[in-house]
Amino acid sequence: MSDPTTPPSSSDPATVPGVAGNRPALRMQTVVGAGVLLTAAALALGALDIPSNAGYGGVGPNFLPWLVAGVLALCGGVLLWEARSGGFRAMEEPNGSARAHKPAFVWVSAGLLLNAALITTVGFILSCTLCYVLAVQGLRRAAGQDAGTARTWAVDGLTGVLISAPVYWTFTQFLAINLPGLTQTGWL
């Protein structure tokens with residue numbers, strides 16, 4: 001008889017991810033596969049509204065959404081098949097917390113929502129920088145790192161600008177795609 005204070009061994013079928021005896025894991029794996037398939041269907045449904053007029057090179061604007069929807073459907077089908085035929089194989093043991101870190105979820109969600117709300121007001125660079133800073137704050141806090149210092153905020157802000165500014169300039173200056181900016185020059 002085993003000692004109830006010792007953790008179950010990794011060979012115990014009820015604790016190994018992807019093993020047929022672990023019904024909650026199989027159920028969640030099935031949900032993941034079905035979710036990917038539903039996402040592919042939603043993307044395909046959205047692609048129906050995009051015109052298929054062939055542009056430069058014979059490829060229309062709906063080509064990429066259809067390609068992504070098809071590949072996503074293929075991935076979802078494989079995930080669903082894996083889940084229903086015994087579970088995801090060769091999965092590593094989960095590391096990290098047993099539960100979601102809700103404050104980190106709030107930080108990341110706030111970053112995404114503020115980015116969407118402010119992008120037309122403060123421009124692409126500043127809104128994406130804000131999104132980056134808030135998301136990194138949430139991830140740092142979830143990992144137990146010191147995230148509240150002024151130096152950390154400044155480094156995250158500078159990193160956010162160093163990532164978002166070149167992306168903005170690439171789209172506006174080199175690809176001639178309009179993104180919201182602070183000025184009409186296309187540089188800010």
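Student: What makes up the accessible surface of the protein chain?

Tutor: Carbon and sulfur atoms hold 69% of the roughly 12,700 Å², going by Shrake-Rupley with a 1.4 Å probe, where for residues only the protein chains shown count as cover. Keep in mind that this is a predicted model: local features need pLDDT of at least 70 and side-chain atom pairs 80 or more, while totals for chains, interfaces and linings use all residues. Residues are numbered from 1 along each chain as its sequence is written, and side-chain values use heavy atoms, with hydrogens and water left out.

Student: What is the mean pLDDT of the protein chain?

Tutor: On a scale of predictor's confidence in each residue from 0 to 100, the mean is 82, and 80% of the residues reach 70 or more. Over residues 1–18, though, pLDDT is below 50.

Student: How many helices and strands does the protein chain have?

Tutor: Five helices and zero strands, counting DSSP runs numbered from the N terminus (H or I, at least four residues, for helices; E, at least two, for strands).

Student: Why does the span of H3 agree with its length?

Tutor: The expected span is 1.5 Å times one less than the number of residues. For the 21 residues of H3 (102–122) that gives 30 Å, and the end C-alpha atoms sit 28 Å apart, so the two agree.

Student: Which residues of H3 are buried?

Tutor: Ala104, Gly111 and Asn115, each therefore under 20% relative accessible area (exposed is over 50%, partly exposed in between; 1.4 Å probe, protein chains only). The buried residues of H3 pack against helix H4 (124–142).

Key. Contact means heavy atoms within 4.5 Å.
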